[in-house]
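Biologist: I am new to this structure and would like a close look at a single part of it. Could you take me through the cysteines and their surroundings with some care?

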Amino acid sequence: MTLIGEQQPPPPPQGPGVVPPFPAPPVEGRGRRLGMGFGIGVTVLVLACGGGVAASVGLVTVMGSALSEQAEVVVGDYFHALKDREWSEAYDQLCEKARKAEDESEFTRRVSAEEQIATYDVGDVEFVELSTPVNVTYTNGDTAELVAYLEQNHGTGAFEVCSVEE
């Protein structure tokens with residue numbers, strides 16, 4: 001029994017073989033959106049990693065330059081003291097191991113007997129052996145290629161000359 005003005009529920013769906021209102025869900029643009037999402041994600045990842053790599057390379061370069069400059073200054077101060085025959089100042093530039101092996105009077109006796117330095121040129125620091133080449137010209141005109149070996153002071157972090165060899 002139906003009352004007037006009352007709506008009837010829809011009839012039950014048909015059995016097997018029913019045709020859906022559309023053949024499949026729409027997929028237009030889905031692949032394009034997925035590809036763009038992956039592309040944007042990969043681009044952001046590459047930019048972030050590339051920026052990190054660039055910052056790391058820059059940091060290593062700056063630190064290497066600063067350490068090289070510090071080592072060259074220490075070696076330059078040591079040879080400047082030898083050139084000016086300021087034995088005590090040169091002795092103060094030595095590392096602890098070198099000072100334990102030779103006291104200041106022995107050091108002064110040894111280096112004062114060597115040829116006097118007229119000029120010197122400190123080269124670039126070699127970080128594997130922690131050494132730097134030094135081209136020396138003596139007052140008599142002779143030249144020598146020396147190598148100054150360095151050590152870092154554990155207390156201060158500063159470089160110190162440990163030995164000089166030909």
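**The disulfide and its cysteines**

Modeller: The structure, which is a predicted model, holds one disulfide. That disulfide joins C95 to C162, with a distance of 2.0 Å from S to S. The pair links distant parts of the chain, since its two cysteines lie 67 residues apart: C95 sits in the loop between α2 (87-92) and α3 (96-101), while C162 belongs to strand β4, which covers residues 159-165. The torsion about the S-S bond of C95 and C162 is about 120 degrees, and the disulfide is therefore right-handed.

Turning to how far each partner is covered, C95 has a relative accessibility of 0% and so counts as buried. C162 has a relative accessible area of 16%, and because buried means under 20%, C162 is buried as well. Another cysteine, C49, has a relative accessibility of 46%, which is neither under 20% nor over 50%, so C49 counts as partly exposed.

For a view of the surface, one can look at helix α1, which covers residues 30-83 and contains I40. The relative accessible area of I40 is 52%, and because exposed means over 50%, I40 is exposed. Together with M36 and V44, I40 makes a nonpolar surface patch of about 310 Å². The picture to keep, then, is of a disulfide between C95 and C162, with C95 buried and C162 buried, and of an exposed I40 in a nonpolar surface patch.

How values were computed: Residues are numbered from 1 along each chain as its sequence is written. This is a predicted model: local features need pLDDT of at least 70, side-chain atom pairs count only at pLDDT 80 or more; totals for chains, interfaces and linings use all residues. Side-chain values use heavy atoms; hydrogens and water are left out. Patches are made of residues with over 30% relative accessible area and no salt bridge: like charges are joined within 9 Å, nonpolar side chains (Val, Leu, Ile, Met, Phe, Trp, Tyr) within 5 Å. Accessible areas come from the Shrake-Rupley method with a 1.4 Å probe; for residues, only the protein chains shown count as cover. A salt bridge is a side-chain nitrogen of Lys or Arg within 4 Å of a carboxyl oxygen of Asp or Glu. Helices (H or I, at least four residues) and strands (E, at least two) are DSSP runs, numbered from the N terminus. Buried means under 20% relative accessible area, exposed over 50%, partly exposed in between (1.4 Å probe, protein chains only). A disulfide is a pair of cysteine sulfur atoms within 2.5 Å.
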